[in-house]
Amino acid sequence: MTLERFISEQAFLHPGATGHFSGLLHDLSLAAKLVWREVNKAGLVNILGATDRMNISGDIVRKLDQFADETIYRAMDHGGHLCVMASEENEDVLQIPEEYPAGKYVLLYDPLDGSSNIDVNVTIGSIFSIYKRISPSGKGTLQDCLQAGYKQEAAGYMIYGSSTMFVYTTAHGVHGFTLDPTVGEFLLSHENIRIPKKGKIYSLNEGNAAYWEPGMQRYIQYLKESDKATDRPYSLRYIGSMVADVHRTLLYGGMYAYPGDNKNPEGKLRLMYECNPMAFIVEHAGGRAITGKQRVLDVQPTSLHQHVPIILGSGDDVDICEGFLLGRR
Ligand code: FDP
């Protein structure tokens, strides 16, 4: 089952579907392949760049995250499905060029997440989030982009690791497709992903422990204690690429967090490009995602690049963490 066919068959489940939503997902899967192709030769960029300059081809060697940003924008700008976009790499909203029709959807994306890992060959990814526009017609607006996460129509990520995957949900299950590079197609490999109810792994940058609030410190200490009944101590795994850490958490369970601390009370990760889409995916796989005070998807955004603390993962694990943060344990 290819991603293309899966998307088309899903559209049949919605009798009123106009095809725009399917078209949007098709375009995203093309963008994923274009970014994957470039990520795969990351170590060669300087060599290829030098050759380009010798050939006077006019190509400029761009940083990979800038390449991914432009590639996704250009794959998505002309389909007539979107009225506006916003990307983590750009301060303001990205308008659809005048010559192309405006559609009814809004796309927010993080073109290359975990980009500090590129030079050391560690897994990175792209994240996307789709909303319906709220403005009536014409060009999309900032307000179209600043919608709470629970209003997402779809969310997903591409992970460029030992294999490349496209994982997404339209609120009807979370499905994962693995790229078969020999045929250039994403093939259904993980249908209806369900996050385990409880895991055995915790994942966060423990180097920040001294700055965490006491509840978080006590929770992580709790995970390290030995107790057979609750399967402690937990193992620590932290890649430092959100896509990779969340992907593992989705499949193996446990908890992933980037909490606030007394240096950065709102944490490091962005609500619109990272936390909302991942929270939507994790919830639709049966898990939870909270800020410590509320559900991530209920946060009302006030700006495009705002940060928010996040704790996500297996329901039981997030429940326990929440208990510590709220002083109940
Ligand atoms: P990066 O800075 O490499 O782009 O939000 C970006 C992010 O990576 C996440 O992917 C990652 O989980 C986090 O930052 C890592 O932050 P720390 O280095 O502070 O752990």
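Me: Which residue follows α7, and what is the sign of its phi?
Reply: Helix α7 is followed by Gly253, whose phi is positive, near 85°. Helices here are DSSP runs of H or I with at least four residues, strands are runs of E with at least two, and both are numbered from the N terminus.

Me: What kind of model is this, and how are residues numbered?
Reply: This is a predicted model, in which local features need pLDDT of at least 70, side-chain atom pairs count only at pLDDT 80 or more, and totals for chains, interfaces and linings use all residues. Residues are numbered from 1 along each chain as its sequence is written, and side-chain values use heavy atoms, with hydrogens and water left out.

Me: Back to α7: how many of its residues are buried?
Reply: Helix α7 covers residues 242-252, and nine of its eleven residues are buried. Among them are Met242, Asp245, His247 and Arg248. Buried means under 20% relative accessible area, exposed means over 50%, and partly exposed lies in between, with a 1.4 Å probe and protein chains only.

Me: And Ser241, where is that, and is it buried or exposed?
Reply: Ser241 is in the loop between β10 (235-236) and α7. Ser241 counts as buried because its relative accessibility is 0%.

Me: Which side chain does Ser241 join by a polar contact?
Reply: The side chain of Ser241 is joined to that of Asn117 by a polar contact of 2.8 Å. A polar contact is a pair of N or O atoms within 3.5 Å; within protein, one must be able to donate a hydrogen and the other to accept it, and residues adjacent in sequence count only if both atoms are side-chain atoms. Leaving aside residues up to four places away in sequence, Ser241 also touches Asp113, Gly114, Thr123 and Ile124, where contact means heavy atoms within 4.5 Å.

Me: Switching to β3: which strands does it pair with?
Reply: Strand β3 (residues 105-113) has nine of its nine residues buried. Strand β1 (residues 82-87) pairs with β3 in the parallel sense over five bridges, and seven bridges join β3 to the antiparallel strand β4 (residues 124-132). Two strands pair if DSSP finds at least two bridges between them.

Me: What stands opposite Tyr109 on each side?
Reply: Ser87 stands opposite Tyr109, and the bridge partner of Tyr109 in β4 is Phe128.

Me: What is the strand order in the open sheet, and which strands are at the edges?
Reply: Five strands form the open sheet in the order β10-β9-β11-β13-β12, with mixed pairing. The edge strands are β10 and β12 (288-290), each of which pairs on one side only. Strand β9 (residues 201-203) runs parallel to β10, with two bridges between them, and Tyr202 stands opposite Leu236 in β10.

Me: What does Lys224 touch, and how accessible is it?
Reply: Lys224 is in helix α6 (residues 214-224) and counts as partly exposed because its relative accessibility is 39%. Not counting residues up to four places away in sequence, Lys224 touches Tyr202, Glu206 and Pro233. The side chains of Lys224 and Glu206 make a polar contact of 2.6 Å.

Me: Which residue of α7 comes last in the buried set?
Reply: Leu250 closes that set, after Thr249.
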